[in-house]
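User: Please take a close look at one part of this structure, the strand at the centre of the sheet, and then set it against its surroundings. I would like one connected account.

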Amino acid sequence: MSLDNEQLARLASLARLEIDPAESERLRTEMEKMVELAGKVTAAATDSSPPIAHVQQGDQPLRPDDPQPVTDNLSRLAAEADADMVVVPRVVE
Amino acid sequence: MNSSPLAALAGQIAAGESSPEKAAADACAAIDRAAVLNAFIQITEKRAATDIERAEQLIDSGNSPLGGVPVAVKDIICTLETRTTCASKLLAEFTSPYEATVTGLLAKAGAVVVGKTNLDEFAMGTTGEHSAFGATRNPWDRQRVPGGSSSGSAAAVAARLVVAALGTDTGGSVRMPAAYCGICGIKPTYGMVSRRGLVAYGSSLDQAGVFASAAADLRIVLAAIAGHDPGDSTSRPDAGLAETVLPENLNGIRIGVVEQLFGQGVSDEVAGPVRAAIGQMQQLGASIVKLEIESIRHAIPAYYIIACAEAASNLSRFDGIRYGSRASGEDIEQVIMRSRSQGFGAEVKRRIMLGSFVLCHGYIDAYYRKAQQLRRKLIDEFASAFAQCDLIAAPAAPTTAPRLGEFGDDPVRMYGQDVCTVPANLAGLPALSIPCGFAAGLPVGLQLIGAKMSDALLLDCAQVYQGKTDFHLQVPPEYQ
């Protein structure tokens with residue numbers, strides 16, 4: 001399957017990535033190979049096998065619904081913080 | 001020829017012939033001497049000091065299964081008092097606010113974490129070359145890759161810098177480097193070991209694993225880290241390594257040989273030693289059952305669809321806002337896109353984009369849903385196989401260690417190296433790799449795959465095999 005520049009740009013947008021124009025041709029070739037590899041499943045016979053998202057299909061035990069200690073000071077992980085708040089670029093005009 | 005370097009070192013410490021502090025210092029000196037391997041991203045002095053103090057108390061109280069021995073941890077597993085970089089520029093300065101369950105259990109058993117090891121960025125790679133901190137090199141031949149993604153952990157154990165190390169295995173990232181480096185590596189049953197604190201790549205596939213030079217040591221470390229964890233919703237309620245009495249032979253064990261695992265690019269130089277090892281296991285009393293698992297031929301594309309789809313979702317959290325480095329931009333969208341573009345390496349970007357492709361409208365049914373159907377079919381076929389055999393023996397990797405740069409800019413050729421390992425991840429099965437020979441001076445790995453929760457059986461068989469062979473005792477000449 002070939003990918004045109006518009007499709008590549010759409011994929012990058014979905015992945016929240018910018019494409020360096022100098023690398024776009026190489027990336028397009030690599031992505032075409034990867035999509036071709038993935039496409040091998042389309043011809044496989046799967047009969048009526050229902051899809052499975054996870055190997056553990058049984059009920060997983062739930063934790064007791066009790067309050068637990070909260071990891072504090074998480075804002076220190078952010079690139080920019082003010083007191084206990086994460087600073088982000090303006091999102092509301 | 002069974003050996004346990006871990007138990008031997010723990011014994012020396014217990015006898016007062018060494019100490020956790022001396023063992024850690026010796027390990028750090030060895031790591032320093034082997035710096036050319038680029039196996040470590042950081043030496044964790046502060047963390048080691050904390051662990052040493054705890055280990056000494058545990059040894060004094062007679063309750064230290066890991067006895068103060070130095071270990072290494074793949075730098076995708078969160079540890080306190082260290083950075084956790086995932087070998088990514090984006091997380092180069094990231095320090096986790098909490099400890100992974102597996103490393104917490106290591107410390108409680110008396111291990112000393114002396115360093116965090118190199119890896120393919122976010123565990124995405126087969127060779128160990130895709131790290132923001134540079135490629136790791138194979139101790140058997142430094143012009144060759146050690147295998148990935150747990151490249152540094154494997155190289156560290158192979159060069160005898162530490163007696164054991166933790167890795168993670170999403171599609172073969174413990175077994176592949178174990179095979180290339182001539183050591184032992186186990187990927188436990190999915191849910192056997194907690195994933196809490198492992199930075200997620202493919203959540204339905206990821207599992208922490210163990211490297212050591214001998215199967216006996218895999219058992220000691222796995223016993224320490226296995227168990228149910230309420231902090232991981234995918235942890236099995238029955239998790240825990242079963243205690244067994246080590247048999248003297250393999251009488252009564254039925255070994256399945258699946259021809260599909262010897263096809264698809266498996267070289268003769270690998271197939272030969274693996275078949276010879278199966279023959280030796282037969283001489284030790286095992287019987288051989290020939291089997292077909294048809295869906296294995298679709299395992300590579302199915303795996304890359306599922307793993308990349310999960311990666312695209314899991315790595316969406318790395319936006320430059322809450323964690324890691326942040327790029328400048330005029331609005332929040334630009335900040336996020338630039339942070340990710342500047343922070344992620346090429347292989348991670350490719351996989352996120354493939355994941356976005358297979359999940360997007362118009363393709364999700366043809367790709368992602370189809371891969372999920374194939375996964376179901378593979379699980380069912382493995383279940384039928386294990387009605388006829390106790391374990392499956394196969395190569396761990398189709399070739400010996402490739403040269404650095406051998407796959408160039410062709411990621412799909414690199415993905416082909418995963419052909420023998422991804423089926424066990426898709427089905428959630430335990431699997432291990434042990435050395436079974438050499439080809440042109442490079443190690444060859446024998447893979448044993450078992451039914452769910454048969455981890456102890458796999459270790460029993462590996463130990464019986466190692467009791468009669470000495471491949472696991474071979475050390476790269478420069479590190480003897």
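Analyst: What follows starts with one strand of chain B and then moves out to the chain contact, the open spaces and two single residues. The model is predicted.

The strand is S4(B), residues 164–168. Of its 5 residues, 5 are buried, so S4(B) is largely enclosed by the rest of the structure. In a regular strand, side chains point alternately to the two faces of the sheet. For S4(B), one side carries Ala164(B), Leu166(B) and Thr168(B), and the other carries Ala165(B) and Gly167(B). Both of these faces are covered.

S4(B) has a parallel partner in strand S2 of chain B, residues 70–74, with 3 bridges between them. Strand S6 of chain B, residues 208–212, runs antiparallel to S4(B) and is joined to it by 5 bridges. Leu166(B) takes part in both pairings: its bridge partner in one is Val73(B), and in the other it stands opposite Val210(B) of S6(B).

Next comes the contact between the chains. On the chain B side 69 residues take part, and on the chain A side 53. The two chains bury about 5,300 Å² between them, and carbon and sulfur atoms supply 66% of that area. Within chain B, the residues that lose the most area to chain A are Arg326(B), Met353(B) and Arg376(B), which together make up 13% of what that side buries.

Gln372(B) also touches chain A. This residue sits in helix H12 of chain B, residues 365–385. Its relative accessibility is 11%, and the limit for buried is under 20%, so Gln372(B) counts as buried. Beyond its neighbours within four places in sequence, Gln372(B) contacts Pro50(A), Pro51(A), Ile52(A) and Ala53(A), together with Ile306(B) from its own chain.

The open spaces come next. The largest pocket holds about 490 Å³. Its lining has 24 residues, and those nearest the centre are Tyr98(B), Leu198(B), Val199(B), Arg317(B) and Tyr323(B). By class, this lining has 12 nonpolar, 7 polar and 5 charged residues.

The second largest pocket holds about 330 Å³. Chain A lines it with Arg63(A), Gln68(A), Pro69(A), Val70(A) and Thr71(A), and chain B with Tyr98(B), Arg196(B), Pro230(B) and Gly231(B). Tyr98(B) therefore belongs to the linings of both pockets, a lining residue being one with an atom within 4 Å of a pocket point. The lining of the second largest pocket is made up of 4 nonpolar, 3 polar and 2 charged residues.

There are also enclosed spaces, with 3 cavities of 30 Å³ or more. The largest of them has about 70 Å³ of space. Among its 13 lining residues, Gly125(B), Thr126(B), Ser173(B), Tyr303(B) and Asp418(B) are closest to the centre. This lining has 4 nonpolar, 7 polar and 2 charged residues.

Last is Met453(B), in the loop between strand S11 (442–450) and helix H15 (455–468) of chain B. Its relative accessible area is 25%, and Met453(B) is partly exposed. Leaving out residues up to four places away in sequence, Met453(B) touches Thr189(B), Met192(B), Arg236(B), Asp238(B), Ala239(B), Gly240(B) and Pro430(B). Ile305(B) is 148 residues from Met453(B) in sequence, and their C-alpha atoms are 26 Å apart.

Methods
Residues numbered from 1 in each chain as written. Chains lettered and ligands numbered in written order. Predicted model: local features only at pLDDT ≥ 70, side-chain atom pairs only at ≥ 80, totals over all residues. Heavy atoms only, no water. 1 Å grid on protein atoms, 1.4 Å probe; cavity = no way out; pocket = protein on both sides within 12 Å on 5 of 7 lines; lining within 4 Å. Points joined across faces, edges and corners; volume = space filled by probe spheres on them. Nonpolar A, V, L, I, M, F, W, Y, C, P; charged D, E, K, R; others polar. Buried < 20%, exposed > 50% of the residue type's maximum accessible area, 1.4 Å probe, protein only. Helix = DSSP H or I, 4+ residues; strand = E, 2+ residues; numbered from the N terminus. Pairing = 2+ DSSP bridges. Contact = heavy atoms within 4.5 Å. Buried area = accessible area lost by both parts, 1.4 Å probe.
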